Amino acid sequence: MDCTAAPQVIEHLKEPLNFTPFDTRWVPQSARFVVLGQYPRATGCIRVCQLNKGKCEKLAETEQPKGFKCGTFGASSIEDRHLATGDYVGGLAIWDLENMKKPIWSVKGHDLIVNAIDGCGGLGVGSGAPELVTGSRDGTVRVWDPRTEDPVLSLEPVEGETPADCWTVAFGNSYNDAERCIAAGYDNGDVKIFDLRTNTLRWDTNVRNGVCHLQFDRKDIRMNKLGVSTLESTLVVYDLRTYHPTEGFAGRKEKVTKSTLWGAHFLPQNREVFASCGGNGTITLFKYSYPEERSIKDKEGIERGVAGTVEMLNQKELSTQPVISFDWHMNKTGLCVFACLDQTCRVAICTKLHLY
């Protein structure tokens, strides 16, 4: 393809850090972002930064006893913009960024490290009550209502078996007050979708490699697509509109880079465009195209899904180390913040995305 007409990934700024970053998130409706991580002495850090005339200003920082692994604003209102975090000892907390001396809500969520967290019902995205979902090394996935201290739902591994490490969780299908699903990805390659309305396992499959990240293309619509990123550089995009009793959902597999794929993040303004984060320090932009017919009937007359195609728009190597977290800005199309394991946090601009 002609890359001169393709979207360009332009690094806007690069901020060196004195701790290892594990997650980055834009503060909703602002030019600020937070970076979560761990100091070499194993204490945790939350840093709030602001973009100002092409420079990065540090607005606030707090050091806490335990390292932070993940964070989300997804269960907070736009007025409050409270940050929910998961830490290295299984703690779950919610922070007011104006006063970070101590959390406004905290519980011991898991026995081991909280690997992933996601929120829904806040920021005007998704229907229903604000909720958090967490996944941990102890194999459990728990749903939390920030108004109470006990989990609303706890999905436990089978007793007697060695639990699979839950690496990633995501909310989706929250298109009315009753419906909501969570997807969870595990180190053994399992991908599971749980229906919170019926309290049942809706679908599970195995992608043969550890699942580093998964995300629904939108939280607030009927399940449409699920992007799954794995070790061994495999990306799988599932079409979730048509379920077949024996074959499940149709998926499209792509090899992206010759390294771990740390995430695939759908653009908030266009759910067909997404960016993947590579273990070799690259950001790759993709466009998903639907087939002419999204479902066909098999020999028995049962509807079966048809996977679409994935086209690479552009690729840019921005670091020598893995890009381990990534976040699109909800208001500014193409503006993104991401963290790399070379102890830097970077802001980039992806151009021409409104054309796709």
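Trainee: What percentages of helix and strand does the chain have over residues 132-154?
Mentor: First, this is a predicted model, in which local features need pLDDT of at least 70, side-chain atom pairs count only at pLDDT 80 or more, and totals for chains, interfaces and linings use all residues. Residues are numbered from 1 along each chain as its sequence is written, and side-chain values use heavy atoms, with hydrogens and water left out. The end C-alpha atoms of residues 132-154 are 12 Å apart. With helices (H or I, at least four residues) and strands (E, at least two) taken as DSSP runs numbered from the N terminus, the stretch comes out at 0% helix and 57% strand.

Trainee: Which feature does UniProt place at residues 132-154?
Mentor: UniProt positions are given in the numbering used here with feature names shortened, and annotations may be inferred rather than shown by experiment. The entry is an unreviewed one, and its feature for residues 132-154 is "repeat: WD".

Trainee: Is Val337 buried or exposed?
Mentor: Val337 sits in strand S29 (residues 335-340). Leaving out residues up to four places away in sequence, Val337 touches (heavy atoms within 4.5 Å) a set of residues including Trp26, Phe33, Phe326 and Val347. Buried means under 20% relative accessible area, exposed over 50%, and partly exposed in between (1.4 Å probe, protein chains only). At a relative accessible area of 0%, Val337 is therefore buried.

Trainee: Which residues have the most contacts inside the largest nonpolar core?
Mentor: Such a core is a set of buried Ala, Val, Leu, Ile, Met, Phe, Trp, Tyr and Cys residues joined through side-chain atoms within 4.5 Å. The largest has 18 residues, and strands S23 (270-278), S24 (282-289), S28 (323-328), S29 and S30 (344-350) each supply at least two of them. The residues with the most contacts inside it are Ile283, Leu285, Phe326, Trp328 and Phe338.

Trainee: Which strands stand at the edges of the open sheet S18-S19-S20-S21?
Mentor: This sheet has four strands with antiparallel pairing, where two strands pair if DSSP finds at least two bridges between them. A strand at the edge has a single partner strand, so one of its sides is left without a neighbour in the sheet. That describes S18 (211-216) and S21 (248-255).

Trainee: How many bridges join S20 and S21?
Mentor: S20 covers residues 234-244 and pairs with S21 in the antiparallel sense. Tyr238 stands opposite Gly251 in S21. The number of bridges is seven.

Trainee: Where does Arg41, the salt-bridge partner of Glu63, lie?
Mentor: A salt bridge here is a side-chain nitrogen of Lys or Arg within 4 Å of a carboxyl oxygen of Asp or Glu, and the structure holds 20 of them. Arg41 and Glu63 meet at 2.8 Å, N to O. Arg41 is exposed at 54%, whereas Glu63 is partly exposed at 39%. The partners are 22 residues apart, with Glu63 in strand S5 (residues 55-64) and Arg41 in the loop between strand S3 (32-38) and strand S4 (44-52).

Trainee: Which residue forms a salt bridge with the side chain of Arg346?
Mentor: Side chains of opposite charge can pair when their charged atoms come close. Arg346 counts as buried, at 3% relative accessibility, while its partner is partly exposed at 25%. The N to O distance is 2.7 Å, and the partner is Asp342.
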